[in-house]
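Please open the model in a viewer and keep the selection tool at hand. The stops below say what to select and what is found there.

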Amino acid sequence: MGFRSLTKQVLSEWDGEEGSLKEETDRKPTSRSLHDQRLQAVVSALRQSGAESVLDLGCGEGKLLRLLLKARQFHRIEGMDVSYGELTKAMNRLNYEDLPPKQRERLKLWQGALTYRDQRMNGFDAAAVVEVIEHLDENRLQAFERVVFGCARPATVVVTTPNADYNALFDRMEAGTMRHTDHRFEWSRDEFRRWTEKINSEFQYQSRIEPIGPVDETYGAPSQMAIFTYGD
Ligand code: SAH
């Protein structure tokens, strides 16, 4: 497959909400969607961190939660979202009511907001914030930073967001537009790196950034992931 058609395929997976992506069971293993690759990268980072408890902030319909449940390393898994509709979808997709009691004990879903301090966010080894920050108004981003990095302060925080540099490769996107109508911003690799450096200096975290998806020499990968660690 040529690079253009690959990027077209990647973009077509963004049509509508990412939540409307096909189930991975419908897909051939050779054509893993970008979102599946992203979720796998997040799970690997969380596994490597040694975390046993994970909070998925902005969990949406629970795709990451489902993967986390499969890994025995994670004893306590919680998903939080502001949208009751998404949480209901997650409960259904995870078959929450029919999970064996041992599995159900490991999992909890609750409604909350990322921009308000909340004690329920405390005490986790790690937090995942997957494709969520770009949905926050830029003037609420600081509140999010204080809530997650300042108050909840898990030892590991994994954040993913689109790489705006890569948008240049999508023929169907006009310059200056975004991948999703609900995105309030999309950051270039440089903007994301500068944001991670600001978090590090303000909240005493350390971080590294990894690309997600096929890497273009000029524009990088479609998605970017920062892994923050505290207290090493
Ligand atoms: N992490 C999921 C969903 C990403 S879509 C995934 O990768 O599949 C973004 C999600 O963030 C939506 O479910 C939306 O309801 C949630 N969200 C947006 N603003 C939020 C806020 N302020 N607090 C909590 N969740 C929020």
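The tour goes from the sheet to the helices on it, then to the ligand and one helix end. Keep in mind that this is a predicted model.

**The sheet**

Start by selecting the strands. They form an open sheet of 7 strands with mixed pairing, in the order β3-β2-β1-β4-β5-β7-β6. Colour β3 (107–111) and β6 (205–212) next: these are the edge strands, and each pairs on one side only. Looking across the sheet, neighbouring strands are turned by 15° against each other on average, direction ignored.

Stay at the β6 edge and add β7 (residues 223–230). The two strands run antiparallel and are joined by 8 bridges. To find one such pair, select Gln 206 and Thr 229; the latter, in β7, is the bridge partner of Gln 206.

**Helices on the sheet**

Now show helix α6 (residues 141–152), which packs on the sheet. Its contacts are with β1 (53–57), β4 (126–130), β5 (156–162), β6 and β7. The direction of α6 makes about 150° with that of β5.

Select helix α7 (residues 189–203) after that. This helix also packs on the sheet, where it touches β5, β6 and β7. Its direction makes about 10° with that of β7.

**The ligand**

Centre the view on the ligand and display the 17 residues around it. Which of them come nearest? They are His 35, Gly 58, Asp 81, Leu 114 and Val 130. Coloured by class, the shell divides into 8 nonpolar, 6 polar and 3 charged residues.

Next, check distances from ligand nitrogen to polar backbone atoms. At Val 130 the distance is 2.8 Å, at Leu 114 it is 2.9 Å, and at Val 82 it is 3.3 Å. On its own the ligand has 570 Å² of accessible area, of which the protein covers 84%.

**The ends of α4**

Finish at helix α4 (residues 84–93), whose N-terminal end is capped by Ser 83. Select a side-chain oxygen of Ser 83 and the backbone nitrogen of Gly 85, which lie 3.3 Å apart. Then move past the helix to Asn 95, which follows α4 and has a positive phi, near 55°.

Key:
Residues numbered from 1 in each chain as written. Predicted model: local features only at pLDDT ≥ 70, side-chain atom pairs only at ≥ 80, totals over all residues. Heavy atoms only, no water. Pairing = 2+ DSSP bridges. Helix = DSSP H or I, 4+ residues; strand = E, 2+ residues; numbered from the N terminus. Axes fitted to C-alpha atoms, helices over the stretch in contact; angles between N-to-C directions. Contact = heavy atoms within 4.5 Å. Near = heavy atom within 4 Å. Polar contact = N/O pair within 3.5 Å; in protein donor to acceptor, adjacent residues only side chain to side chain. Areas by Shrake-Rupley, 256 points an atom, 1.4 Å probe, with all protein chains shown as cover. Nonpolar A, V, L, I, M, F, W, Y, C, P; charged D, E, K, R; others polar.
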